[in-house]
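I am opening a notebook page on this structure. The entries follow the order in which I looked things up.

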Amino acid sequence: MFLAPTPYLALLASIIIMLVITFFVILRRSDA
Amino acid sequence: MLNQILLVAYVAVIVVLSIKLRQGTFAGFVISDRNVMYPAVIGIAFTAAYFSAASFLGGGGYGLIAGFPWVIWATFMHVGFACLAWLMAPKIWEMAKSYDAKTVPQLLERRYGSPSGRVLLAMIMLVMYTVYLIAIFKGCAHLFEGLLGITYIQGLLIAVAIVAIYYAIGGLPAILWISFIQGIIMLGGAVLLYVALLYNGGGAEIWAKIPANIISMSGDIVPWQTSVGSAFSISLGLLALPDLLIMIFSAKDSRVVRFAGIYSPIAIGIYALCIFSIGILAYGVFTAEELAPFIKNPDSLVPFVATSLLPPGFDAIILLAAISAAMSTISAIVLVTTTSLTADTLKFLRPEISDDRVLLLTRIVGVLIIVVSALMARNVPELIVPIVSLSMGVIACCVFIPLIFGIYWDRGTSTGFVTGLVATFVSIVAWNFYGNPLIHPVMVGVVVGTVAYLAASLATKPPDSSQIISVRGGEE
């Protein structure tokens, strides 16, 4: 099934990856 | 009639909030006494202050001429820089608190022990932010024109009146809360436009209707290098614009900053994806003839999409969202521009001046800056994106280098700070006039500024380590 052009799908995937990594780091941190 | 009612309700909320949040002290006015305890408010207000009407109208319409490279790179870099910005935010907050800094030039002055660097940065901010303010006021006045069917000058007057009221009464607390509400309206408007385009284009089938030259990653009318450069220089602002950094300063503790880092990147991601995609998705809904007028004037594409696709009444919400985008940015910028003049420059020239006096001046000068930039907005160039891209890029670049190295590298010196500022500013301006137009001036500025900062720092005596408050550690 054709969803969207490859660069757009790659964009969506990279947005999700960047957000997940950021939240992972933020949630693992403790407050000084 | 509906539009008038909507605007009256909008203004009423703004006025009530500003009066409720009115401030009587300088620290309250400029950093809310560092007492903001809601991560969502800081996160969303940051997003709203960052995205202006230039993003809503210019960024939305630009995809029409710049095609896929703009959509992909602008969205990617916005999310990437937003994530980086919020990963660094707790350190920036901690640094501002340890140095008791109320403005960004003051923070850097204390880190480097360099009053002249502070004044130099304040001057760069004053000039560049004013250029940017003029562009947003122009956009905002056009929006009121569309919303209420009034003249451009009347629209300008309404914009000035609303911003001046909440700026002068409530200072940063009012700006934060009002921007929070404006940010929610902006997100709603952006999602509404995106869904309307997808729905009218037949869902995923919309992509098949978009011409191949628009989908190409090598760019069509605008070369891809230009799109990458613009995207970089605009989104760099997320990392270092003083009007955003003061929102981080205002947090009550590092926990608030940490969790604001969840809300803000999500909001920025949704908003950037929806808004920047509008230009290409329009090709899947409208014919080439319908879109032809907007190739010359991409800024009017978003209002056109709103009136053609949304049911009556909803287009007013889109206009209100764009007005919110403009106002949230204007108010935050007026605050930092004014303090660069009063708290940073005036306090340097006359250190004995009291905080109460500075507060009074900050209110008055702020309103003056609003009025002057609105007056200048009566006659400015057509397309918003290039102006915005350069003026904000200069400020972001000038702050970014000393801020990042100031946090992560103790060896940076006051000479490095000042040399970096001058090199950044001069290289961007020179490249803008004489350099290769395919390479964005701000990209040159980042490289030249960093090299100059590092070279000058290493060539001078290391700073007295007792003067540098370490903000590292605590998390490992």
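Entry 1, the interface. I counted 18 residues of chain A in contact with 26 residues of chain B, taking contact as C-beta atoms, placed from the backbone, within 7 Å. The chain A side of this interface divides into 13 nonpolar, three polar and two charged residues. Here Ala, Val, Leu, Ile, Met, Phe, Trp, Tyr, Cys and Pro count as nonpolar, Asp, Glu, Lys and Arg as charged, and the others, Gly among them, as polar.

Conventions. This is a predicted model, in which local features need pLDDT of at least 70, side-chain atom pairs count only at pLDDT 80 or more, and totals for chains, interfaces and linings use all residues. Residues are numbered from 1 along each chain as its sequence is written, and chains are lettered from A and ligands numbered from 1 in the order in which they are written.

Entry 2, chain A. I found one helix and zero strands in chain A; helices (H or I, at least four residues) and strands (E, at least two) are DSSP runs, numbered from the N terminus. Of the 32 residues in chain A, 12% are buried. A residue is buried with 20 or more other C-beta atoms within 10 Å of its own, exposed with 12 or fewer, and partly exposed in between.

Entry 3, the core. The largest nonpolar core (buried Ala, Val, Leu, Ile, Met, Phe, Trp, Tyr and Cys residues joined through C-beta atoms within 7 Å) has 183 residues, and B:Leu193 is among those that touch the most other members. Helix α4 of chain B, residues 53-98, gives the largest share of this core, 27 residues. Leaving out residues up to four places away in sequence, I list B:Cys274, B:Ile278, B:Val302, B:Val305, B:Ala306 and B:Ile318 as touching B:Leu193.

Entry 4, a helix pair. I looked up how α1 (residues 2-20) and α7 (residues 152-200) of chain B pack: the angle is about 95° and the axes are 8 Å apart. The axes are lines fitted to C-alpha atoms, for helices over the stretch in contact, and angles run from 0 to 180 degrees between N-to-C directions. α1(B) is therefore roughly perpendicular to α7(B), a label for angles of 65 to 115 degrees. The contact includes B:Val11 and B:Ile14 of α1(B), and B:Trp177 and B:Ile181 of α7(B). By class it has 14 nonpolar, two polar and no charged residues.

Entry 5, helix α3 of chain B. How many of its twelve residues are buried? Ten are, and I note α3(B) as mostly covered. The buried ones include B:Val41, B:Ile44 and B:Phe46. They pack against α7, α11, α12, α13 and α16 of chain B. The end C-alpha atoms of α3(B) are 16 Å apart, in agreement with the 16 Å expected, where the expected span is 1.5 Å times one less than the number of residues.

Entry 6, two loop residues. Most residues other than glycine have a negative phi. B:Asp33 has a positive phi, near 55°, and lies in the loop between α2 and α3 of chain B. B:Asp33 is partly exposed because 16 other C-beta atoms lie within 10 Å. B:Asp100 also has a positive phi, near 50°, and lies in the loop between α4 and α5 of chain B. B:Asp100 counts as exposed because it has 11 C-beta neighbours inside 10 Å.

Entry 7, a glycine. I located B:Gly117 in helix α6 of chain B, residues 115-148. Why does B:Gly117 count as buried? It has 24 C-beta neighbours inside 10 Å.

Definitions and conventions. Contact = placed C-beta atoms within 7 Å. Parallel < 35°, antiparallel > 145°, perpendicular 65-115°, else oblique.
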